[in-house]
Amino acid sequence: MKKTLNVDPYKEYRLHSVDNEIEIVKSQRCGCYFCHSIFSARSVKDWLSDERGVSAICPECGMDTVLGDASGIQIDKQLLKNMSKQYFGDEVSFEAARAYCIRYLDSKINKTKHNEYLYEEYLKKLALSGDAPATLALSKLYQGEGSFVKEDDPKALSYLESPLLSTNTVALTDMAALYFHGDLGLEQAEAYKKGFECLTKASALGSLKAVYLLSDLYLQGIYVEKDLYFAYKLLDENYKDVYDTFAYERKGCNDFLQFNYRLGKIYEYGVGTDKDQMKSMRCFLLSLLALSYPATVDPIDPEAGKIIKEDIEKEVKALADAMHLSNASPIYDQDTYFDSFADAGEDYSPKTLKVVSWNKEEGKLSFDVDYKLTPIIVDIAGLYCGFVSGSIRWDFDHIAEVKTSTGDLTFEKVNNPSDEFWEFTHVTPEGEEVVVMAIQFYSDPVKFKELPIAQRKEKKSKKEGK
Ligand SMILES: [Zn+2]
């Protein structure tokens with residue numbers, strides 16, 4: 001094969017478009033070799049800061065392809081056109097358009113009218129070329145996400161209906177929202193039917209948002225027959241999933257808020273299940289944690305979040321008054337352990353346990369648990385809810401008996417934590433459960449001194465006594 005000498009006359013020039021902040025500030029005239037514009041250096045308002053340094057963004061096209069005359073380059077249209085052809089060809093480069101859109105979404109470009117229209121233009125080009133994320137982003141823009149591009153529900157829907165997005169759960173839930181609340185000019189029955197189908201499909205594809213939206217339909221009897229129990233069941237059955245995703249992956253913050261908010265109300269008023277003030281309070285405290293969490297993925301809509309927050313704070317106050325509770329630092333006792341882990345809280349990853357002291361006379365046990373995954377600690381009595389990292393020293397009382405196995409006290413889960421008999425259990429790779437520490441509480445504090453100790457070894461019989 002014949003070797004060709006690759007001569008690039010503009011290579012030197014191109015370097016001046018990168019890390020050029022000082023050069024641009026010193027310049028009078030600037031030019032862009034993406035869109036061929038020539039403009040005053042004073043009109044450069046956006047800068048791209050990355051590993052290469054700080055580079056000027058073209059005020060016309062949003063690309064990081066700006067040359068300033070302080071570089072000594074003679075800037076004219078012909079030069080810019082030649083360079084543009086050399087680096088981007090005759091067509092608009094999809095790669096460049098994509099880079100712009102990502103920068104725009106990352107808020108690295110000022111959200112001006114001009115820049116938003118550029119964003120729209122580039123998204124359209126990308127969507128036409130079969131780019132699924134761009135198609136979804138374009139629909140979001142027409143759903144009213146932008147500041148300047150006009151909200152247009154039918155247009156938003158037309159992009160969501162693209163085959164590119166047929167199994168995209170965000171697109172499906174967005175579509176459902178348009179069918180239920182949008183301005184599409186459809187018959188209501190027809191729109192609701194389609195909205196319901198979108199949600200069913202999205203929930204089958206694993207969308208937790210679709211689950212709580214479906215629950216809302218059953219709760220209110222919209223399109224479907226009202227079914228309070230089923231509305232509750234949908235939330236309850238998916239709760240562990242929602243909890244783990246937020247607590248241990250720090251994702252799904254909004255789903256976590258929405259599930260806990262709804263369940264908090266359900267337990268408070270006994271909708272489709274029994275009233276339970278403790279469970280209600282736990283859910284509301286967890287909602288407040290979600291609201292205070294700085295999520296970057298799936299963040300909470302600030303407007304909606306504000307309304308929910310006000311409502312939850314009111315509910316928490318009313319419940320706290322009714323239950324005679326006030327704010328306090330968490331106390332790491334068995335109640336807090338129960339509030340934190342018993343009801344969809346445990347992560348089932350290995351945790352190391354170490355007994356610090358055990359005083360049988362006083363019925364007091366101290367032990368440290370080393371958490372690899374930072375857990376959420378909930379102490380309802382102190383209205384406390386937060387992430388607590390590292391090792392936690394637990395001080396349990398009212399204990400009749402403690403038995404530990406010798407050697408390694410690694411456990412994955414606690415069995416029967418609502419009863420007076422708790423088993424910290426190691427699950428072997430084969431799935432066999434081995435108790436590493438068993439605790440028996442005095443069921444009745446009054447009988448503290450008289451109760452016979454550790455007679456109940458058959459753990460199976462315990463559950464029925466509840
Ligand atoms: Zn430009």
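**Figure 1. Hairpin of strand 6 and strand 7.** Four residues lie between strand 6 and strand 7 in this hairpin, where G363 takes a positive phi near 70°. The structure is a predicted model, in which local features need pLDDT of at least 70 and side-chain atom pairs count only at pLDDT 80 or more, while totals for chains, interfaces and linings use all residues. Residues are numbered from 1 along each chain as its sequence is written. Strand 6 spans residues 351–359 and is joined to strand 7 by seven bridges, with the two running antiparallel. K354 of strand 6 faces D368 in strand 7. Strands (E, at least two residues) and helices (H or I, at least four residues) are DSSP runs, numbered from the N terminus. Two strands are taken to pair if DSSP finds at least two bridges between them.

**Figure 2. Open sheet with the strand order 10-7-6-12.** The sheet has four strands and antiparallel pairing. Its edges are strand 10 (391–396) and strand 12 (410–411), each of which pairs on one side only. Strand 7, residues 364–370, runs antiparallel to strand 10 and is joined to it by six bridges. Two residue pairs mark the register of these strands: S366 stands opposite D395, and F367 has W394 as its bridge partner. In a regular strand the side chains alternate between the two faces of the sheet.

**Figure 3. Open sheet with the strand order 11-15-14-13.** This sheet is likewise built of four strands, paired antiparallel. Strand 11 (399–404) and strand 13 (413–415) are the edge strands, each pairing on one side only. On average, neighbouring strands are turned by 25° against each other, direction ignored. Such angles run from 0 to 180 degrees between N-to-C directions, and the axes are lines fitted to C-alpha atoms, for helices over the stretch in contact. Seven bridges hold strand 14 (residues 421–427) and strand 15 (residues 433–441) in antiparallel pairing. Among these strands' residues, F424 has M437 of strand 15 as its bridge partner.

**Figure 4. Hairpin of strand 3 and strand 4.** Strand 3 (residues 47–50) and strand 4 (residues 53–56) run antiparallel and are joined by four bridges. Two residues lie between the strands of this hairpin. W47 of strand 3 stands opposite A56 in strand 4.

**Figure 5. Packing of helix 10 on helix 11.** Two packed helices are described by the angle between their axes and the distance between the axes. For helix 10 (residues 208–220) and helix 11 (residues 228–249), the angle is about 165° and the axes are 8 Å apart. Helix 10 is therefore roughly antiparallel to helix 11. Angles over 145 degrees count as roughly antiparallel, under 35 as roughly parallel, 65 to 115 as roughly perpendicular and the rest as oblique. The crossing of helix 10 and helix 11 is left-handed, meaning that the near helix is turned anticlockwise from the far one by less than a right angle. On helix 10 the contact includes L208, V211 and Y212, and on helix 11 it includes L228, F230 and A231. Residues are in contact if their C-beta atoms, placed from the backbone, lie within 7 Å. By class, the contact of helix 10 with helix 11 has 12 nonpolar, two polar and one charged residue. Ala, Val, Leu, Ile, Met, Phe, Trp, Tyr, Cys and Pro count as nonpolar, Asp, Glu, Lys and Arg as charged, and the others, Gly among them, as polar.

**Figure 6. Packing of helix 6 on helix 7.** The axes of helix 6 (residues 132–145) and helix 7 (residues 153–160) cross at roughly 165° and come within 8 Å. These two helices are therefore roughly antiparallel to each other. Helix 6 passes helix 7 in a left-handed crossing. T135, L138, S139, Y142 and Q143 of helix 6 make the contact with K155, A156, Y159 and L160 of helix 7. Five of the contact residues are nonpolar, three are polar and one is charged.

**Figure 7. Packing of helix 13 on helix 14.** Helix 13 (residues 277–292) and helix 14 (residues 302–323) cross at roughly 145°, and their axes come within 10 Å. This crossing is left-handed. Q277, S280, M281, F284, S287, L288 and L291 of helix 13 meet G305, K309, I312, E315, V316, L319, A322 and M323 of helix 14. The contact of helix 13 with helix 14 divides into nine nonpolar, four polar and two charged residues.

Notes
Two residues are in contact if their C-beta atoms, placed from the backbone, lie within 7 Å.
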